[in-house]
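Visitor: Could you take me on a close look at the places where the ligands sit in this one? I'd like the surroundings spelled out residue by residue where you can.

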Amino acid sequence: MTNYPHLLAPLDLGFTTLKNRVLMGSMHTGLEETRDWNRVAEFYAERARGDVALMVTGGIGPNLEGSVLPGAAMMTTEEDVKNHSVVTQRVHEAGGKIAMQILHAGRYAYGPKCVAPSPVKSPISPFPPTELDEEGIEKQIGDIVNAARLARKAGYDGVEIMGSEGYFLNQFIVTHTNKRTDRWGGSYENRIRLPIEVVRRVREAVGTDFIIIYRLSMIDLVPNGSTFDEVVQLAKEIEKAGATIINTGIGWHEARVPTIATSVPRRAFAWVTQKLMGHVSIPVITSNRINTPEVGEAVIAEGCADMVSMARPMLADPHFVKKAIAGKSAQIAPCIACNQACLDHTFSGKLTSCLVNPRACHETELLIEPAATTKSIAIVGAGPAGLSTAMTCAERGHRVTVFDKAAEIGGQLNMAKQIPGKEEFWGFVDWYRTMIEVHDIDLRLNTDVTADDLDGFDEVIIATGVIPRDPEIPGQDGDNVVDYIDVLRGKVPVGKRVAVIGAGGIGFDVSEYLVHQGESPTENLPEWMAEWGVADPAQHRGGLAPDGPKPEAPARQVTLLQRKAEKHGKRLGKTTGWIHRASLKMKDVNFVGGVNYERIDAAGLHVSFGEARENPTLIEADTIVLCAGQLPLRSLADDLEARGITPHVIGGADVAAELDAKRAIDQGTRLAAVI
Ligand code: FAD
Ligand code: NAP
Ligand code: SF4
């Protein structure tokens, strides 16, 4: 008897059956653009082997003007059909099913040729779109239909027509972007004509035994978005036009509400999909921040949807479903929704991967194979660098001993998990704990290792992490000065007025920690919705609260300082930095940049500005928290080297500058793959 009877139940679509209720949602990985079709095929085949019922590819353009970027993958020629056939064949051999997403980006297309219903420039692109005429609209429909026809020829089991997230079809639906007065604009009936016509003609072209998923924006989160009555009307028309399944889209890309970041509560938008249930008779998929089988099961059991879409969780663990089937859900590598190696990479033009699983999208390059010679390996430090090395070494058959001077594994992840909005880090550390047991790793906690303890191992790996940088500010030895470690471990009291020195990732996180009290909004959906101004789209157009965000009052008055004169948080994650900034702004955190730290005394922190040290200012504060960066903790490595032993040094112990868990895990896994 499975723990997930709803999630793992088959879904009969009439002409075909899905083996369970898990869809791997579309992700733009950049793999298709490598043109290495073997690599693309292996990425999807690995997930098919993991028993996901149906996968959707990253967005594939139907023509040049609709492609997300110049050079982005398209489905327009027989050559494309041949290339994509490599993927579909490999997926089918692995027992999987795959649909190709047809993505027409409209005004979100990052190029001068972009087209849209009206010439309204998007706030997230520099390119003003050209307004389509009747002939132009007909061409776009024809190209989308052609892409669907070719997808079928390439062996896909279906297509997903992207109608949400503010892309082309969505742009026709709402007056925010559609200012037309012809039959494609004006009334709602006119504005939804295009998506309906697209689905109708795609169905005509592909026949009845082919999956058509329509991704429908159920809560736009932009001004003048759809009401829920309009969403229902569209969904009914889309069903009539021939769609097999309706998938949920949440928020436009330009929305100022986070929709998938780690601080968004789990299943935060399942209630939106639930509102559509019963209005259509085809299956409905829900999406966003569903990352465990337990959450997926609950969402379906409660009637929020017929299926769940999980995209990033399939990067973190391609065998997510297989492990759920086997009753091993504690072994599923968790997606912590950080975006650090997936979306941040995509938006920086880099190939996608995963912080938790560096093999994601690197399946043909980062190979984990049994070791030719079994070795005994000592790893000092049970932070992410040491733990990822340990797991991979053990997986390859080595005998692994992990030491840590702390009483628990996780290293700095144990501080990260204290931050409101970073609760996913708890599960991340739990997963490592499970895997240490699964791989029978010899774990020795409360052990402050010295060079003497490391005799007799074949290989020694130093993953001792970092120490905080000393900013050397006169007066910093006063009682009112504390470092981030003591604050996050709850070891020191912090006053009501706080100056935080250093506005890097840790300075931002510490500020977030200090302005909150009580339950984190990430654990309390109504509070989170109020904080970001999310409302029921049945009551307010687009799901935006008319009186905007209503955050709780800050628990402390925080000033966040940096010496650089640049925008605060400029170096934070590409897709999440704005959320951290907005979140602190909502709590009235005062951002002060371009400072020199002059001295600290009982009144607070004295700063001046610019090279000439002008404008002396006192930042009145009861507590000053030091978050001035980190330096490698290499003393053990140095001791070993002095004895003629050359250890492998990884993670923060190797290079502390710009260190994060992504780099620590990647470095550890890659070392373990070859040791
Ligand atoms: P560490 O995690 O520092 O682990 C080193 C371990 O070595 C420690 O457990 C220590 O006890 C042990 N050790 C040291 N010396 C000895 C010895 N002599 N004997 C035995 N054991 C020893 N990164 C991200 O990617 N995303 C985030 O969102 C994020 N948020 C963060 C939030 C906060 C508040 C903090 C503090 C950090 C955050 N980080 C984040 C950074 C990330 O946690 C670190 O980059 C990462 O943990 C570094 O990994 P590491 O294994 O090199 O070192
Ligand atoms: P950091 O990002 O390097 O920031 C250090 C801060 O200290 C900077 O604001 C820097 O700004 C300041 N600083 C540097 N030298 C200083 C000095 N001598 N005196 C005073 N201020 C000084 O490091 P961090 O905040 O300690 O974070 C450590 C790592 O953890 C980072 O690499 C980060 O990526 C990672 N992390 C990531 C996240 C995430 O969400 N992805 C969250 C937390 C941490 P000025 O030089 O301008 O003063
Ligand atoms: Fe999830 Fe982070 Fe991995 Fe992306 S990088 S899949 S958000 S864990």
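Guide: What follows is a walk around the two ligand sites, with a stop at a pocket and the cavities afterwards. Keep in mind that this is a predicted model.

Let's start with ligand 1. It has 34 residues around it, and the ones that come nearest are Gln340, Asp404, Lys422, Gly652 and Ala661. Look at Asp404 in particular: an N or O atom of its side chain sits 2.6 Å from an oxygen atom of ligand 1. The backbone joins in too. Lys405 places a backbone N or O atom 3.0 Å from a nitrogen atom of the ligand, while Gln412 has a backbone N or O atom 2.9 Å from one of the ligand's oxygen atoms. On its own, ligand 1 would expose 1000 Å², and the protein buries 92% of that.

Who builds that shell? Helices H14, H15 (413-416), H18 and H22 each put in at least two residues. Sorted by class, the shell has 17 nonpolar, 10 polar and 7 charged residues. As for where this puts the ligand, domain 2 (376-467 + 634-674) and domain 3 (470-517 + 552-628) both give residues to the shell, so ligand 1 lies between them.

Now swing over to ligand 2. Here 20 residues surround the ligand, with Ala503, Ile506, Arg563, Lys564 and Leu659 the closest. Two of those five show up again through their backbones: a backbone N or O atom of Leu659 is 2.6 Å from an oxygen atom of ligand 2, and one of Arg563 is 2.8 Å from an oxygen atom of the ligand. Ala628 also takes part, with a backbone N or O atom 3.5 Å from a nitrogen atom of ligand 2. Taken alone, this ligand exposes 890 Å², of which the protein buries 77%.

Helix H18 (residues 505-515) is the top contributor to the shell around ligand 2, giving 3 residues. The class split in this shell is 7 nonpolar, 7 polar and 6 charged. Domain 2 (376-467 + 634-674) and domain 3 (470-517 + 552-628) each supply at least three of its residues.

While we're here, have a look at the second largest pocket, which holds about 550 Å³ of space. Of its 26 lining residues, Lys323, Asn357, Arg359, Met391 and Glu395 lie nearest the centre. Helices H2 (37-49), H14 (384-395), H16 (424-438) and H22 (661-674) are the elements that give two or more residues to this lining, and H14 gives the most, with 4. The lining brings in at least three residues from each of domain 1 (11-346) and domain 2 (376-467 + 634-674). In class terms, 12 of the lining residues are nonpolar, 7 polar and 7 charged.

Last stop, the enclosed spaces: the structure holds 2 cavities of 30 Å³ or more. The largest has a volume of about 70 Å³, and its lining includes Arg312, Cys335, Cys338, Cys342 and Cys354. That lining counts 9 nonpolar, 2 polar and 1 charged residues. The second largest cavity comes to about 30 Å³, with Tyr188, Asp220 and Leu234 among the residues that line it. Helices H5 (168-173) and H8 (228-241) each supply at least two residues of that lining.

Methods. Residues numbered from 1 in each chain as written. Chains lettered and ligands numbered in written order. Predicted model: local features only at pLDDT ≥ 70, side-chain atom pairs only at ≥ 80, totals over all residues. Heavy atoms only, no water. Near = heavy atom within 4 Å. Polar contact = N/O pair within 3.5 Å; in protein donor to acceptor, adjacent residues only side chain to side chain. Areas by Shrake-Rupley, 256 points an atom, 1.4 Å probe, with all protein chains shown as cover. Nonpolar A, V, L, I, M, F, W, Y, C, P; charged D, E, K, R; others polar. Domains from an automatic or database assignment. 1 Å grid on protein atoms, 1.4 Å probe; cavity = no way out; pocket = protein on both sides within 12 Å on 5 of 7 lines; lining within 4 Å. Points joined across faces, edges and corners; volume = space filled by probe spheres on them.
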